[in-house]
Amino acid sequence: MKKILLTGGLGFFCTRFTQKYQHTFQILSTDKDDLDITNESSVTETFKMFKPDYVIHAAAIAVTDFCNDHPELAYKINVQGALNVAKACKAVGAKMVFISTEQVFNGNPEPGPYTEDVTPIPDTIYGQNKLEAEHLLQDLIEDLWILRFTWLFGLPERDCNINPNILWNTLNLALEGKKTKITTHEYRGLTYVHEIIDQFHKIFTLPYGLYHIGSHNNDSRYHISEYILSSLGLNDRIHDLIEKDETKFKEHPRDVRLNTGKIRSYGFDFSDTKVAIDKCIQEFHFNMR
Ligand SMILES: NC(=O)c1ccc[n+]([C@@H]2O[C@H](COP(=O)([O-])OP(=O)(O)OC[C@H]3O[C@@H](n4cnc5c(N)ncnc54)[C@H](OP(=O)(O)O)[C@@H]3O)[C@@H](O)[C@H]2O)c1
C-alpha cells in the first residue's frame, strides 16, 4: 500500500480525503498540533520516520482577510512552511502535491477563465504567498504537482471540518433569515469538494506540472446564491434573503475563473457548478421545502 502524508490534515479538504482513501492508502494525517510546518526540523524528522511515497501539502492559512492583516504569519506558514515541506519531500524522495488557488489571479486586469499559461498577478497576501510558494517549489523539486483549486463547497459531515463556502453560507442565510446583499459582479469556479476527492487518486498518474482544477461556472455570485435557494426549495423566500449588490466590483468585475481544459484532457471530469450544487443537495437528501 502506498503511503501518503497529509499536512493540514484536520482541514476541510483533508478530513474528507482521509475518509475516502483510508483503506486505499496508508495515510499519516498531520496538522499544526502534531506537525507545525513552520518547524523545519520536526517536518524533516517526521518525513524521515514515515517515508511517504506522496505528500499532499494542504496546510495553509487560507483566509484572505486574516492574511492581509497578518502578513508575516501568513508568509511564515504559506511560503516558508511550504518550502520546509518541499525540502523534506526532496530529502526522502517523496512526490509532492501542492494545493494552490485561483486567488493567484485576483489582480489580473483581464477576465478569466485563465489557463495555466497566463501570468498571475495576485493582489492579496494570500494570493501572493501561494504564487511565491509555487515558484520556490518549482525551483526546488521536480516531482511536483501544483493544483490550483477553485472555491470548494460542501456541507457539514461527521468527523469533517467545514469552512465558509457558497452552499453552506447560503444555507446559513436561510437559517438566520437576515437579508444580505450579494455582488452581481463576481465570477468564480465553484467546485463540489467530493468531485475533486473522488478523482484525486488519478493525480498521481499525471505528468508533473501545474494544473487548474474544478468546475466551470458562468453565473455571478448573486445568481448562484439565488440558484441554491431555489434548489433548496426556498423559491418563495429568495427576495427576503438576498438582494443584488450591483455596485461592488462594478468598475472591475472580479473574475477569477479557471480554464480546466488541461486536466480534463487527462480524463478528469467536473460538473458545471449548478449541476454540482444539485448533486450535493441530492447526496445529502437536503431539501427545506
Ligand atoms: N477550500 C477552498 O475552497 C480552497 C480553494 C483554493 C485553495 N485551497 C487550498 O487548499 C488547501 C486546503 O484547503 P482547506 O479548505 O482544507 O483549508 P483549511 O480547512 O483551512 O485547512 C488547512 C489546515 O492547515 C492547518 N494549519 C494552519 N497552520 C498550520 C501550520 N503551521 N502547520 C500545520 N498545519 C497548519 C489549519 O489549522 P487551523 O485551522 O487550526 O489554522 C487547517 O487545519 C489550502 O492550502 C488552501 O489554501 C482551498
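**Exercises on the ligand site and the second largest pocket**

In this predicted model, an oxygen atom of the ligand lies 2.8 Å from an N or O atom in the side chain of Lys130.

**Exercise 1.** Determine how much of the ligand area the protein buries, and which elements give two or more residues to the shell around the ligand.

*Solution.* Begin with the ligand taken alone, which exposes 880 Å². The protein buries 85% of that area. Next, assign the shell to elements: α1 (12-21), β4 (95-101), α5 (125-140) and β6 (151-153) each give two or more residues. Of these, β4 gives the most, with three residues.

**Exercise 2.** Identify the residues that come nearest the ligand, and describe the backbone polar contacts of Ile37 and Ala58.

*Solution.* Around the ligand there are 25 residues, and Phe13, Lys32, Tyr126, Lys130 and Leu152 come nearest. By class, the shell comprises 15 nonpolar, six polar and four charged residues. For the backbone, apply the 3.5 Å cut-off for a polar contact. A polar backbone atom of Ile37 is 3.1 Å from a nitrogen atom of the ligand, and a polar backbone atom of Ala58 is 2.9 Å from a ligand oxygen atom.

**Exercise 3.** Explain where the second largest pocket lies with respect to domain 1 and domain 2.

*Solution.* First, consider the lining: it has 16 residues, with Asn106, Asn108, His252, Pro253 and Arg254 nearest the centre of the pocket. These 16 residues divide into seven nonpolar, five polar and four charged. The volume is about 250 Å³. Finally, because domain 1 (3-152 + 190-213) and domain 2 (164-188 + 217-258 + 271-283) both give residues to the lining, the second largest pocket lies between them.

Terms used:
Residues are numbered from 1 along each chain as its sequence is written. This is a predicted model: local features need pLDDT of at least 70, side-chain atom pairs count only at pLDDT 80 or more; totals for chains, interfaces and linings use all residues. Side-chain values use heavy atoms; hydrogens and water are left out. On a 1 Å grid over the protein atoms alone, a cavity is a set of points where a 1.4 Å probe fits but cannot get out, and a pocket is an open set with protein on both sides within 12 Å along at least five of seven lines; lining residues have an atom within 4 Å of a point. Grid points are joined across faces, edges and corners, and a volume is the space filled by probe spheres set on the points. Ala, Val, Leu, Ile, Met, Phe, Trp, Tyr, Cys and Pro count as nonpolar, Asp, Glu, Lys and Arg as charged, and the others, Gly among them, as polar. Domain bounds come from an automatic or database domain assignment. A residue is near a molecule or strand if one of its heavy atoms lies within 4 Å of it. A polar contact is a pair of N or O atoms within 3.5 Å; within protein, one must be able to donate a hydrogen and the other to accept it, and residues adjacent in sequence count only if both atoms are side-chain atoms. Accessible areas come from the Shrake-Rupley method with a 1.4 Å probe; for residues, only the protein chains shown count as cover. Helices (H or I, at least four residues) and strands (E, at least two) are DSSP runs, numbered from the N terminus.
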